[in-house]
Amino acid sequence: MADPRGFLKVTARELPTRRPVPVRIQDWREVYERREEDAAALVRQSGRCMDCGIPFCHNGCPLGNLIPEWNDATWRGRLGDAIDRLHATNNFPDFTGRLCPAPCETSCVLGINQPAVTIKNIELSIIDRAFEDGLVTPQVPDRLTGKTVAVVGSGPAGLAAAQQLTRAGHTVAVYERDDKIGGLLRYGIPEFKMEKRHVDLRMAQMEAEGTRFRAGIDVGGDGPNSVSGSDLMQRYDAVVLAVGATIRRDLPVPGRELSGIHQAMDYLPQANRVADGETVEDQTLATDRDVVIIGGGDTGADCLGTATRQGARSVVQLEIMPRPADARPGNQPWPTYPMIYRVSSAHEEGGEREYAVSTVEFIGDGEGNVRALKVVEVDMSGGRPEPVPGTEREIPAQLVLLAMGFTGVPKAGIVEQLGVSVDARGRIERGEDFETSVAGVYVAGDAGRGQSLIVWAIAEGRACAAAVDAYMRGGRSDLPAPIRPTTVAITA
Ligand SMILES: Cc1cc2nc3c(=O)[nH]c(=O)nc-3n(C[C@H](O)[C@H](O)[C@H](O)COP(=O)(O)OP(=O)(O)OC[C@H]3O[C@@H](n4cnc5c(N)ncnc54)[C@H](O)[C@@H]3O)c2cc1C
Ligand code: SF4
């Protein structure tokens, strides 16, 4: 146990400082700054961990991260032990330490009557210092099995599966349709939440371990740089589909055809490319425009931070659900992950949030461009949005961004070519061992689970790799399987 009296001596959470808003919105770099005094706060915070007999945080984290063990090592100043225990369950704490919503913290036992231990921040500090100190090295397998695996998709699920299978001795190639590796880590999530150099560092580690990357190849596509599903099946002993859930939800209301209305996942990748030094022809920009973002989740917040940095005149983020409570509501008790009002770094930087509103129409300027949204307040007390009569109004907007989530995998292309079944919610069907309806073809991440989180994608990739390894070794694998395809979060 870290400090037996730590939780009695230190009762408050201490988190690292973020760069001042007026400074950070001038650039695309990460919002955090590291200061010397943060190191002492980190030791104090790790000392608050009570090393509970039943560490609920293990269950809160889909990866089953060994949180009390690395808290203890951090408190004792043993970085080598801390990173070993962290990497024992998580391939990429550099991603989760920056991007995870930290369900572990809402299930921390200390959280029953005190603010929870700052688990996510301790995780991030361990991995960042481990990289700085050269403790993150390639783990090259002792011997090769001679078996081959194709992983389709290079988001966190594909990368985790590929790393586990490579380390188990299989020869793994990762195919990616985009020109660069990373999935949503690369072109969805903005630089100010996670700089892309972290993806590049992991790619370098994986390449040194033996994983091969094939970017710019559309598996199942019909362009010149494509590979067919049957080619893949012939060339490899097993295939892992980690293709994400890429069908975007749309809003088919009158005026949808107007110019100036874009999907978030058309807008964000362009901004990410520009932040990476590329030039994008006809880039959609928020500069000097009134912007409305439809959708109150992570993607919407990423659009907000991006529009702020591009110099939008005003930004409004709309959410159809009512504003959540500030504190844990009684019907979502500890250790569940509660729906509460959260303020992301982008929300600190500006813009307004409006709740319980629905868009009924996009209004044009007479020249084919969007000029405003007509919205109405909605009453959700019956479980469905009921428009409140007399509450219709207009919100000016010359740029509208649709950030309303994803509805599954496209059937055309690889899914159709391989003949794998898709369920009614647009997810590739799988059995208890992550195998699809086609023998030797497995699925991991958002493609199988539906739109989710990075921590779940990594857990899926790890568990799927164990199943693929067992398939190739005739039924046995030593790889860890943190979850089953049916495992769900601890929710209310
Ligand atoms: C804008 C945005 C912000 C988000 N922010 C967060 C956050 O802060 N924290 C968090 O936990 N989660 C966040 N999420 C969710 C998270 O990014 C996803 O749950 C996660 O990336 C899913 O991982 P994946 O590997 O299953 O799929 P993806 O990351 O979607 O990767 C799938 C990859 O497969 C490739 N692919 C698809 N079809 C083919 C094909 N036929 N051939 C070759 N390649 C193909 C795609 O190009 C893509 O690169 C966010 C999502 C979005 C959209
Ligand atoms: S991966 Fe997420 S849930 Fe797991 S320990 Fe880290 S922050 Fe917590």
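# Sheets, helices and ligand shells

Biologist: How many bridges join strand 8 to strand 15?
Modeller: The model is a predicted one. In it, strand 8 covers residues 290-294 and strand 15 covers residues 399-402. The two strands run parallel, and the bridges that join them number four.

Biologist: Which residue in strand 15 stands opposite isoleucine 294?
Modeller: Strand 15 spans residues 399-402, and strand 8 spans residues 290-294. Opposite isoleucine 294, the residue in strand 15 is leucine 402.

Biologist: Which are the edge strands of the sheet with the order 7-15-8-9-10?
Modeller: This is an open sheet of five strands with parallel pairing. An edge strand here pairs on one side only. That leaves the two ends of the order, strand 7 (261-263) and strand 10 (352-355).

Biologist: How much does that sheet twist, on average, from one strand to the next?
Modeller: The strands in question are the five of the order 7-15-8-9-10. From one strand to the next, the twist averages 20°.

Biologist: What angle does the direction of helix 14 make with that of strand 7?
Modeller: Helix 14 (residues 264-275) packs on the sheet. The strands it touches are strand 7 and strand 15. Relative to strand 7, the direction of helix 14 makes an angle of about 75°.

Biologist: And what angle does helix 15 make with strand 9?
Modeller: Helix 15 (residues 298-309) also packs on the sheet. It touches strand 8, strand 9 (314-319) and strand 15. Its direction and that of strand 9 differ by about 175°.

Biologist: Which are the edge strands of the sheet with the order 3-2-1-6-16?
Modeller: This open sheet has five strands, and its pairing is parallel. The twist from one strand to the next averages 20°. The strands that pair on one side only are strand 3 (212-215) and strand 16 (441-443).

Biologist: Which residue in strand 3 stands opposite glutamate 176?
Modeller: Strand 2 and strand 3 pair in the parallel sense, over four bridges. Within strand 3, the residue opposite glutamate 176 is alanine 215.

Biologist: At what angle does helix 10 run to strand 2?
Modeller: Helix 10 lies across strand 1 (148-152), strand 2 and strand 6 (238-241). Its angle to strand 2 is about 165°.

Biologist: How far apart are the axes of helix 10 and helix 19?
Modeller: Helix 10 (residues 156-167) and helix 19 (residues 454-472) pack at an angle of about 35°, in a right-handed crossing. Their contact has twelve nonpolar, three polar and three charged residues. Among the residues that meet are Leu159 and Ala160 of helix 10 and Ala457 and Val468 of helix 19. The distance between the axes is 7 Å.

Biologist: Between which domains does ligand 1 lie, and why?
Modeller: The protein is divided into domain 1 (6-132), domain 2 (148-246 + 407-472) and domain 3 (261-402). Two of these give residues to the shell around ligand 1, so the ligand lies between them: domain 2 and domain 3.

Biologist: How many nonpolar residues are in the shell around ligand 1?
Modeller: There are 38 residues around ligand 1, and Gly153, Gly155, Gly183, Gly244 and Gly445 come nearest. Elements that give two or more residues include helix 10, helix 15 and helix 19. Twelve residues of the shell are polar and eight are charged. The nonpolar residues number 18.

Biologist: How far apart do the C-alpha centres of domain 2 and domain 3 lie?
Modeller: The contact takes eight residues from domain 2 and ten residues from domain 3. On the domain 2 side there are four nonpolar, one polar and three charged residues. The C-alpha centres lie apart by 30 Å.

Biologist: Which element gives the largest share of the shell around ligand 2?
Modeller: Of the 13 residues around ligand 2, Cys61, Thr96, Cys100, Cys104 and Lys120 come nearest. Helix 8 (103-106) and helix 9 (119-132) are the elements that give two or more. By class, the shell has nine nonpolar, two polar and two charged residues. The largest share is three residues, and they come from helix 9.

Biologist: In which loop does alanine 102 lie?
Modeller: Alanine 102 is a residue other than glycine with a positive phi, near 60°. Its loop is the one between helix 7 (93-99) and helix 8.

Biologist: Which residue is joined to proline 335 by a cis peptide bond?
Modeller: Proline 335 lies in the loop between strand 9 and helix 16 (345-348). Omega of the cis bond is about 5°, and the residue it joins to proline 335 is tryptophan 334.

Conventions. Residues numbered from 1 in each chain as written. Chains lettered and ligands numbered in written order. Predicted model: local features only at pLDDT ≥ 70, side-chain atom pairs only at ≥ 80, totals over all residues. Near = placed C-beta within 6 Å. Nonpolar A, V, L, I, M, F, W, Y, C, P; charged D, E, K, R; others polar. Axes fitted to C-alpha atoms, helices over the stretch in contact; angles between N-to-C directions. Left-handed = near helix turned anticlockwise from the far one by under 90°. Contact = placed C-beta atoms within 7 Å. Pairing = 2+ DSSP bridges. Domains from an automatic or database assignment.
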